[in-house]
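Below is a set of questions on the architecture of one protein chain, each with a reasoned reply.

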Amino acid sequence: MGRQSQGQASATRASLPPHSSDGLSRRMGSRGPLFLLVSSALRARFSCPVGEGGTRRARLLPQPHQLPPSSQHHPRAHVDIYEKQLVPFGLVRFGVAPDHPEVKNVINTFTQTARSDRCAFRGNVVVGRDVAVSELQAAYHAVVLSYGAEDHQALEIPGEELPGVFSARAFVGWYNGLPENRELAPDLSCDTAVILGQGNVALDVARILLTSPGHLEKTDITEAALGVLRQSRVKTVWIVGRRGPLQVAFTIKELREMIQLPGTGPMLDPADFLGLQDRIKELPRQRKRLTELLLRTATEKPGAEEAARQASATRTWGLRFFRSPQQVLPSPDGRRVAGIRLAVTRLEGVGEAARAAPTGDTEDLPCGLVLSSVGYKSRPIDPNVPFDPKLGVIPNMEGRVLGVPGLYCSGWVKRGPTGVIATTMTDSFLTGQMLLQDLKAGLLPSGPRPGYAAIEALLSGRGVQPVSFSDWEKLDAEEVSRGKGAGKPREKLLDPQEMLRLLGR
């Protein structure tokens, strides 16, 4: 469940072997339950591109077939998950592309966890505003912050504020039904769009812009976004990166999808790949396969079938390397974007650590839409929680928040906005392990804690209306019903006030 947003998946998960549970119970000093809390809010990714991405979830409840061999669980752990949104599943719902339904199947596993009588979802609660982290700490034995990276990295160049310039994070939130982005209303009446950044989110956005609306209409993309895409006049998408082919951040699966996207053809400059053939054999396996596919696409003559497909393409996409955004250029009346000025760069250093340095040359690329996908950053959640604004993370050691016993973090807010769902899940397993190690060592409160009973009273007095998982299942049924008539898996609810009305609030 997550605040990204854009993100990643994050699971705090741990399990103890059966012979260890009695020792942990004695450490608690009572026969009562161990109350734990995970705070999550949409990165996030993202995350998360889910992402990158998924849902940040608490998993101190055992599912042995999915646990790492050395993992542990606590037999009486009670986990409450606090979520900013009214609905669960974070980046899986709001970050994963609508044409990737197979990735969203992980929701089934999340649902099994949420239905446990030892796990509770508390949606529509903004930690740091509706309830302070210190109040949560007083109510629970441990608190885990797993709220991802909900902000984007600004370009910090002239013209960034012009109409027609959006963050990729907001654009993804718009077509995926994130309530805060539902009124984005991008103008797609232009011929050319430029995406700054060469990661998986950039390719997701390019693919959505160029995919036939007829294909998207059977996905869970919002009807509002689909209506705008049906009227789109975008025919060319440039995906721009500061460095070269060896430094792209997207993965081979997403690249292959772009190359094979119906009705489109790729534009790659063979000159960008000179000399790479001799260096391929030195690359790690995944980077080698990715570079080989780029090289073949850029330099080899396609077969007859592929050549015919590309010849019939009505839309194109291309990768522009060694270019760094310098200025967004306005239209003559100054009312919207008309292009972008790019600084030509060269690499200093080698491999993935190489840095882009300006050569002094520039070029102007006409376009009517600029989408920035140059990274995400976390925000501080509460004045009393340590936060490193430079790194954009909560200072921690293996998930333990420095200087605050009983407070933990996982996911992008723990290590920065990198990695995919599997990366973040593994990372979160480790945070869960640290928490239970501390419990076993007697480093967490041993007496009883009230858990949600105390927080519920606080929220009620502040006019906050938490949403439970059973509430979500009612909203879920409404979404599925609305989508059924159009042949969609669901039609997402976008307005929080409408959601509350449907729940009789």
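Q: Which helix lies across β10 and β18, and at about what angle does it run to β10?
A: In this predicted model, the helix in question covers residues 168-176, and β18 covers 369-372. The helix is α5, and its angle to β10 is about 80°.

Q: What is the order of the strands in the open sheet of six strands?
A: The pairing in this sheet is parallel. Its edge strands, each of which pairs on one side only, are β10 (165-167) and β13 (264-267). From one strand to the next the twist averages 20°. The order is β10-β18-β11-β12-β14-β13.

Q: Which residue in β12 stands opposite A193?
A: Strand β11 spans residues 192-196 and strand β12 spans residues 236-240. The two pair in the parallel sense over five bridges. Opposite A193, in β12, stands V237.

Q: What angle does the direction of helix α6 make with that of β12?
A: Helix α6, residues 200-210, packs on the sheet. The strands it touches are β11, β12, β13, β14 (315-320) and β18. Between the direction of α6 and that of β12 the angle is about 175°.

Q: Which element gives the most to the largest nonpolar core?
A: The largest nonpolar core has 53 residues, and those with the most contacts inside it are Y175, V205, L209, V237 and W317. The greatest contribution to this core is eight residues, and it comes from α6.

Q: How many residues does the second, separate core have?
A: This core is separate from the one described above. Among its members are F387, V401, V413 and Y452. Its residues number 24.

Q: Which residues from 264 to 268 does W317 touch?
A: Residues up to four places away in sequence are not counted here. W317 touches L210, V237, I239, L255, M258 and I259, among others. Within the stretch asked about, its contacts are T264, G265, P266, M267 and L268.

Q: Why is one side of β15 and of β17 left without a neighbour in the sheet?
A: The open sheet of three strands has the order β15-β16-β17, with antiparallel pairing. Its twist averages 20° from one strand to the next. β15 and β17 stand at the edges, so each has a single partner strand.

Q: Which residue takes a positive phi in the hairpin of β15 and β16?
A: Strand β15 (residues 323-330) and strand β16 (residues 337-348) run antiparallel and are joined by seven bridges. One of the bridged pairs is S324 with A343 in β16. The hairpin has six residues between the strands, and the one with a positive phi near 70° is G334.

Q: What is the positive phi of G349 in the hairpin of β16 and β17?
A: β16 pairs with strand β17 (residues 355-366) in the antiparallel sense over nine bridges. Bridge partners include E348 with R355 and L347 with A356. Six residues lie between the strands of this hairpin, and the phi of G349 is near 100°.

Q: Is E491 buried or exposed?
A: E491 is placed in the loop between α15 (469-484) and α16 (496-502). Leaving aside neighbours within four places in sequence, it is in contact with I221, T222, E223, E479, R482 and G483. The side chain of E491 reaches the backbone nitrogen of E223 at 2.9 Å. Its relative accessibility is 16%, so E491 counts as buried.

Q: Why is the pair of F89 and F110 stacked?
A: F89 is in the loop between β6 (77-83) and α2 (90-94), while F110 is in helix α3 (residues 106-114), 21 residues apart. Both F89 and F110 are buried. Their ring centres are 6.5 Å apart, and the pair is stacked because the planes are at 20°.

Q: What are the planes of Y376 and W412 at, in degrees?
A: Y376 lies in strand β19 (residues 376-377) and W412 in helix α12 (residues 412-415), so the pair ties together parts that are 36 residues apart in sequence. Y376 and W412 are each buried. Their ring centres are 6.0 Å apart and the pair is tilted, with the planes at 35°.

Q: Which residues do ring pairs link into a cluster with F89 and F110?
A: The count of aromatic pairs comes to ten. Ring pairs join F89 and F110 in a cluster with F469 and W472.

Key:
Residues numbered from 1 in each chain as written. Heavy atoms only, no water. Pairing = 2+ DSSP bridges. Helix = DSSP H or I, 4+ residues; strand = E, 2+ residues; numbered from the N terminus. Axes fitted to C-alpha atoms, helices over the stretch in contact; angles between N-to-C directions. Contact = heavy atoms within 4.5 Å. Buried < 20%, exposed > 50% of the residue type's maximum accessible area, 1.4 Å probe, protein only. Polar contact = N/O pair within 3.5 Å; in protein donor to acceptor, adjacent residues only side chain to side chain. Core = buried A, V, L, I, M, F, W, Y, C linked by side-chain atoms within 4.5 Å. Phe/Tyr/Trp six-rings, centres within 6.5 Å; stacked < 30°, edge-to-face > 60°.
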